[in-house]
Each structure stands twice: as C-alpha cells, then as structure tokens.
Amino acid sequence: MASTKKTLLLTGASRGIGHATVKHFHAAEWRVVTVSRQPFDKICPWPQGEKDHIQADLNDVDHYDEIIERIRAKLNEPVSGGQLAALVNNAGISPKLPQPLAGTGSPRMGVLDTALTTWQNVFNVNLYSSALLARGLFDELKAAQGSVVNVTSIAGSKVHPFAGVAYATSKAALAALTREMAHDFGPHGVRCNAIAPGEIDTSILSPGTADIVEREIPMKRLGKPSEVAQLIYFLCTSQSSYVNGAEIHVNGGEHV
Ligand code: NAD
C-alpha cells in the first residue's frame, strides 16, 4: 500500500535554516529528501536522512536534468513513499570580499568588485535552480496539490551592508520568480510563496552583524533558524491554504 506520509524536498540542508527546517518537518512526521553540495552531514542527523540525501551541485546547470532524474528516482523509491507535497528552495550562496574594505570593514561585493563568474555562480544556485527544480518536478507537485517555498532575503529589497550585489539581485529576482510561479502554478493547485529572512543566527552572517541588530532591528536580537523553519512549515500546510504569491518577512521588523 502506498504511504500517505507527505514528502518535503529541501535544497541546502546541511546547516543553518535548512537544518532547522529538516528537523521541524521530520518532527511533524514528513519524509524529508535533501539536496546539498556536501555529502550527508552527520552534524544534522535524522533517521532515514543519509538514505534520503542527494549530493549535487546546484551551480552545475548543465546537469540539472540529471539531478532532477536522481530526485525523481529517490521520490519513487517504495520504502517510505509519499507524494511530493513541498519543495523548499533554500540553498543559497553569498560571496564576500576576501578582505573587508579598509575604512568600512565591510566584506560587501559591490558592482565594481563582482566578476562575471561570481554573477553566474550566484544566479545558478540562488535563482535558476529554484525555477528549474520546480519546473522539473511540477507533475509531482501537482499530483500532491503541493506547495513551493523560495527562501529570499531582506537584501532583495534594500541595500544591505554585507550582502553583495549579485546576492541581492538574485534574491530580488527570486521574489519576482515567486510571483510568476504563483501565477503559473496556481491554476493547477500548486501554491508558491517566499520567505525573506533578515539576520538569522547561522554561519552566513558576517562579523559586524551585532551593529545591525542594535541599529536596525526593533526586536534587538537575531532570529533563530527554528523561527524561520516554522514559517516555512506554515506555508507548506493547509493552515496557509489561501496564501499564494506572498513574500513574508521574518526579520524582527528590520524592514520597517
Ligand atoms: P548556510 O550557508 O548555512 O546554508 C546554505 C546551504 O546551501 C548549505 O546547506 C549549502 O550546502 C547549500 N548550498 C550552497 N551552495 C550550494 C550548491 N552549489 N549546491 C547545493 N547546495 C548548495 O546558509 P543559511 O543561513 O542557512 O541560509 C539558507 C538560506 O537562507 C539561503 O538561501 C540564504 O540566502 C537565506 N538567508 C539567510 C539569512 C541569514 O541570516 N542566515 C538571511 C537572509 C536569507
């Protein structure tokens, strides 16, 4: 008999927000299939985790078809079955200057510092993989009447002191992609939303974030990865059944 367990496919699972999201969905009894650049990370263990992990580089655009076939094969394994009820595009890269700028101490890669390969790598991982995974797995998502969540950033809507130009514009484009996907997938019963974290306590943060917290965040603290994970979960369940095309801030009020 086919399993009724719902399946989440999450990119970028090995640490930070992805790790917290895996734990949240697993605790809610979902099957979790993960895709990351690294092998399964024992720092983020859960039963079945190693077996349901796919090591793949989302910068490798020439192999997206092959990556999608590997994901499909994994989803179809009869072990724990379940339909693909959620795709969370969480993998992201945010390149920084090797040396912070003298004077400001900022590692931000502005327009003048950003070479074509950096633009390409960032857009491959942060934007194109999201569109092409959703496209490749659309039939599965439709069959489950599933949900897509794209992880954008506050840097997509305002200049950030540490986030570079390629990162910021890729996240702005991912927000726009969320709108387009909500339009295209909505008639098929697949919802698509985004969450835009501010300063979340993970390794992507730069030294100096403490100043932003003090100056810019009304709640005067970093967010916890678990606080992001619970919002992602909300957007993947029937609690949010009429939410489509939204981008929800999760930043303690940093955007105000
Ligand atoms: P992180 O660096 O801890 O995790 C990023 C994940 O992406 C890792 O699991 C990594 O393996 C994966 N990844 C990176 N490049 C990849 C590639 N080429 N192929 C496959 N996987 C790849 O970062 P995080 O803080 O947990 O961030 C998760 C998401 O949240 C990212 O999209 C990031 O832009 C976004 N975000 C984070 C913050 C924050 O404050 N931490 C703020 C705004 C947005």
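Trainee: Which ligand atom does a polar side-chain atom of R15 lie 2.7 Å from?

Mentor: In this predicted model, the partner of that R15 side-chain atom is an oxygen atom of the ligand, and such a pair is called a polar contact (N or O atoms within 3.5 Å).

Trainee: And N90, is that backbone or side chain?

Mentor: For N90 the polar atom belongs to the backbone, and an oxygen atom of the ligand is 2.7 Å from it.

Trainee: What about S203, how far is its side chain from the ligand oxygen?

Mentor: A polar side-chain atom of S203 lies 3.5 Å from an oxygen atom of the ligand.

Trainee: How much of the ligand does the protein bury?

Mentor: The protein buries 98% of the 830 Å² that the ligand exposes when taken alone, with areas from the Shrake-Rupley method and a 1.4 Å probe.

Trainee: Which elements give two or more residues to the shell around the ligand?

Mentor: Those elements are α1, covering 16-27, and α5, covering 165-185.

Trainee: Changing topic, how many helices and strands are there?

Mentor: The protein has seven helices and seven strands, counted as DSSP runs (H or I of at least four residues, E of at least two), and from the N terminus their order is β-α-β-β-α-β-α-α-β-α-β-α-α-β.

Trainee: What does the C-alpha trace span?

Mentor: Along its principal axes, the C-alpha trace of the protein spans about 65 × 40 × 40 Å.

Trainee: Anything to remember about these values?

Mentor: Residues are numbered from 1 along each chain, and side-chain values use heavy atoms, without hydrogens or water. Local features need pLDDT of at least 70 and side-chain atom pairs 80 or more, while totals for chains, interfaces and linings use all residues.

Note on methods:
A polar contact is a pair of N or O atoms within 3.5 Å; within protein, one must be able to donate a hydrogen and the other to accept it, and residues adjacent in sequence count only if both atoms are side-chain atoms.
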